[in-house]
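Me: I would like to learn how to read the features of a structure, one at a time. Could you take me through this one?

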Amino acid sequence: MREAKVMGQIPFRYRVRAALKSLENPLFLSKRFPSLYWKIYKLSWKDYLWIFENPISKASPVASAAGYLVYLNDILVREMGFEFISANNSSVIGLDFRMKLMLVYFGLVLLAIARLIYLARRPHSISHGPDLSSWVDYGMHNFTFTDFLSFHDDIQVNQHRTLYGKYYTDDWEAFVDDASWSKSGRTDGMDTVGKRASREHVSYGDAKRRHEDLLRSILIDRYEEFSARNKISLVFAVILALAGMAMFLLPNLDLFLVLLLSVIR
């Protein structure tokens, strides 16, 4: 009761901000809303690539060109109308030509905004991917030992997200021994010949080939983890993209029905 009274005294904008932050707080959600927690936990950018990486979304920045067609509505209706091929029926669901242009235009604008959010807020696992296979190939070719060490430390601190991240410490230590020089920075008293002999077995390239299964497992686990971040941006982007896609496809569906009825008749 006291908690509710205190919450009532907090300004609305701060309550909204706290609610949005709670979406990124697994402890808060798991205790208060367990079923919602699992739905949000599974929410991931990788599951919505079909929205942001399709040809329509990629071409949506040209939406401004469609806007000028609205000003040419009278000319387009007169010169490019479908009176003859559609038996003078320009719409099945009651959309005039101007409305169709408006729907296409604003649909493309929403898709463009959603794609901008996607490009700006997508995790780096998606930007280097976007799919899992591309991410793993990119990591195996471009990531340094320091990158993999950072991934390993992240798994140890924040736990693994998949079974791929549940590897043995001995396997990781074997990779570290083969990929890095343990005496780096601690060579006081060693001559050049001794240093060379000490690091003869160290080769990051050979270590990657020898421990490829371990490194691929780490990359797969981190792809799943990174792809599930920035969920609030993902939700906004998906809502805008779905609305834009519906607005863009509605006039096309109407045109399809008009032509279909003209053929049937």
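Me: Which helix gives the most to the negative patch?
Reply: This is a predicted model, and here helix α13, residues 169–179, gives the most to that patch, with 3 residues. The patch of negative charge lies on the surface, where Asp170, Asp171, Glu173 and Asp213 gather. Take aspartate 171, which lies in helix α13: aspartate 171 is partly exposed, with a relative accessible area of 36%. A residue enters a patch only with over 30% relative accessible area and no salt bridge.

Me: And what makes the nonpolar surface patch?
Reply: Ile93, Leu250, Leu253, Phe256, Leu260, Leu261 and Ile264 make a nonpolar patch of about 620 Å². Leucine 261 sits in helix α17, residues 231–264, and is partly exposed at 31% relative accessibility. For the surface as a whole, the accessible area of the protein is about 17000 Å², and 60% of that belongs to carbon and sulfur atoms.

Me: Let us step back to the fold. How many helices and strands does the protein have?
Reply: There are 17 helices and 0 strands. Of the 265 residues, 32% are buried. The contacts tell you about sequence distance too: among those with a separation of 6 or more, 81% are between residues 24 or more positions apart.

Me: Can we see that in one residue? What does leucine 103 contact beyond its neighbours in sequence?
Reply: Leaving aside residues within four places in sequence, leucine 103 is in contact with Leu95, Met247, Phe248, Leu250 and Pro251. Leucine 103 belongs to helix α9, residues 97–121, and its relative accessible area of 15% makes it buried. You can also follow the backbone: the C-alpha atoms of leucine 103 and methionine 245 are 10.0 Å apart, with their positions 142 residues apart along the chain. Leu250 appears both among the contacts of leucine 103 and in the nonpolar patch.

Me: Now salt bridges. What is the general idea, and how many are there?
Reply: Side chains of opposite charge can pair when their charged atoms come close. The count here is 12 salt bridges. One of them joins glutamate 224 and lysine 46, whose closest N and O atoms are 3.6 Å apart. Glutamate 224 is in helix α16 and lysine 46 in the loop between α4 (34–42) and α5 (49–52), so this pair ties together parts that are 178 residues apart in sequence. Lysine 46 is partly exposed, at 26% relative accessibility.

Me: Are glutamate 53 and lysine 58, which meet in a salt bridge, buried, partly exposed or exposed?
Reply: Both partners come out as partly exposed: glutamate 53 has a relative accessible area of 24%, and lysine 58 has 46%. The N to O distance in their salt bridge is 3.5 Å.

Me: Which residues do salt bridges with shared partners join into one network?
Reply: Start with one pair, arginine 161 and glutamate 225, whose side chains meet in a salt bridge at 3.5 Å, N to O. Arginine 161 lies in the loop between α12 (145–158) and α13, and glutamate 225 in helix α16, so the pair ties together parts 64 residues apart in sequence. Shared partners then join Asp154, Arg161, Asp221, Arg222, Glu225 and Arg229 into one network.

Me: Is arginine 222 buried or exposed?
Reply: Arginine 222 is buried, with a relative accessible area of 1%. Arginine 222 is part of helix α16, residues 212–226. Not counting residues up to four places away in sequence, arginine 222 touches Phe151, Asp154, Ile155, Gln159, His160 and Arg161.

Me: What about serine 44: where is it found, and what does it touch?
Reply: Serine 44 is in the loop between α4 and α5, and at 2% relative accessibility it counts as buried. Beyond four places in sequence, serine 44 touches Ser227, Ala228 and Leu234.

Me: Last topic, the backbone. Where should I look for less common geometry?
Reply: Most residues other than glycine have a negative phi, and most peptide bonds are trans. Here the peptide bond from glycine 129 to proline 130 is cis, with omega near 5°, and proline 130 lies in the loop between α10 (124–127) and α11 (132–142). Glutamine 159 has a positive phi, near 75°, in the loop between α12 and α13. Asparagine 230 also has a positive phi, near 55°; asparagine 230 is in the loop between α16 and α17 and is partly exposed at 24% relative accessibility.

Definitions and conventions. Residues numbered from 1 in each chain as written. Predicted model: local features only at pLDDT ≥ 70, side-chain atom pairs only at ≥ 80, totals over all residues. Heavy atoms only, no water. Patch = residues over 30% accessible without salt bridge, like charges linked within 9 Å, V, L, I, M, F, W, Y side chains within 5 Å. Areas by Shrake-Rupley, 256 points an atom, 1.4 Å probe, with all protein chains shown as cover. Salt bridge = Lys/Arg side-chain N within 4 Å of Asp/Glu carboxyl O. Lys, Arg positive; Asp, Glu negative; His and termini not counted. Charge placed at Lys NZ, Arg CZ, Asp CG, Glu CD. Helix = DSSP H or I, 4+ residues; strand = E, 2+ residues; numbered from the N terminus. Buried < 20%, exposed > 50% of the residue type's maximum accessible area, 1.4 Å probe, protein only. Contact = heavy atoms within 4.5 Å.
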